[in-house]
Amino acid sequence: MLYFTNLLAKARKPALVFSLTPLLLLSGCQRKPDPAISERGSVQKPVQTPAQFVPAPEANIFVDDAMLAKPYAVIGGTVQNVGNERLEKLSVAIELRRRTDGSVERREVAVEPGELEPGKQGRYKLKVLSDEWSGSRVVSLRSGVRTEEITFKTMPGAKRPPEKLDGKVVIVKTPAPKKSNGGDFINTPDNPFKVP
């Protein structure tokens, strides 16, 4: 481009300048080739990946907020059978995250009752030391009579109730502001002062 610019600057003939200017302008306005069009000019169809089949969940797992019972945290929730078959010997796998190094550990928790007819619910509960663990999540739902895991959908469960105060009333006394003798001035929102 710089070469053509220098060529135009050195050119003495107006006909040469006028014939090269449209060529330079049009060369800068070209579009990039469409990747869907091949070199022969035919349009190629984009490659589509086959859609993966996602089975309908057989259970809903409602995950409650962790309840604090010093020094423990109680992790729990409800499992609801939303499928058409009876679910037997159920257990929930919970992944716990350590506070110290962030490593994870899995624990199996039995669902009570262990056998759920379609539409019925069962509860699971795990008690851990709250100082050791920083978080948890449900990773799988298993049945003792099936080899494959049960498909499930997690949903928010019961919220943690607000913590109650122990009934003590704390009275905080604030000192009264000092009054000036007239010589010291303190500019406050209650006593604003404008400088002339």
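In this predicted model, I94 touches residues from several stretches of the chain. Leaving out residues up to four places away in sequence, its contacts are I75, E105, R106, R107, V109, Y124, L126, S136, R137 and V139. One of these contacts is also a bridge partner. In strand 5, I94 is bridged to R107.

The bridge between I94 and R107 belongs to a longer pairing. Strand 4 and strand 5 (residues 104–110) are joined by seven bridges and run antiparallel. Together, strand 4 and strand 5 form a hairpin, with five residues between them. The turn contains G102, whose phi is positive, at about 80°.

Strand 4 also pairs with strand 7. This pairing is antiparallel too and spans nine bridges. Within it, R98 has W133 of strand 7 as its bridge partner. Strand 4 thus has antiparallel pairings with strand 5 and with strand 7.

Strand 4 is mostly covered. Of its nine residues, seven are buried. Strand 4 also contributes to the largest nonpolar core, which has 20 residues. Within this core, V79, L90, V92, I94, Y124 and L141 touch the most other members. At least two core residues come from each of strand 1 (59–63), strand 3 (72–81), strand 4 (90–98), strand 6 (121–129) and strand 7 (133–143). Strand 4 gives the most, with four residues. I94 therefore appears in two roles here: it is among the core members with the most contacts to other members, and it is buried, because a core residue must have under 20% relative accessible area.

Aromatic rings were examined next. The count of aromatic pairs is zero. One ring does have a charged neighbour over its face. K127 lies over the face of Y72, 4.7 Å from the ring centre.

A contrasting position is found at P156. This residue lies in strand 8 (residues 152–156). Is P156 buried or exposed? P156 is exposed, because its relative accessible area is 65% and the cut-off for exposed is over 50%. P156 still has contacts beyond its sequence neighbours. Leaving aside residues within four places in sequence, P156 is in contact with F62 and V63. Another residue distant in sequence is D65. P156 and D65 are 91 residues apart along the chain, yet their C-alpha atoms are separated by 8.2 Å.

Key. Residues are numbered from 1 along each chain as its sequence is written. This is a predicted model: local features need pLDDT of at least 70, side-chain atom pairs count only at pLDDT 80 or more; totals for chains, interfaces and linings use all residues. Side-chain values use heavy atoms; hydrogens and water are left out. A nonpolar core is a set of buried Ala, Val, Leu, Ile, Met, Phe, Trp, Tyr and Cys residues joined through side-chain atoms within 4.5 Å. Buried means under 20% relative accessible area, exposed over 50%, partly exposed in between (1.4 Å probe, protein chains only). Contact means heavy atoms within 4.5 Å. Rings of Phe, Tyr and Trp (its six-membered ring) pair if their centres lie within 6.5 Å; planes under 30 degrees apart count as stacked, over 60 as edge-to-face and the rest as tilted. A charge sits over a ring if NZ of Lys or CZ of Arg is within 6 Å of the ring centre and within 35 degrees of the ring normal. Two strands pair if DSSP finds at least two bridges between them.
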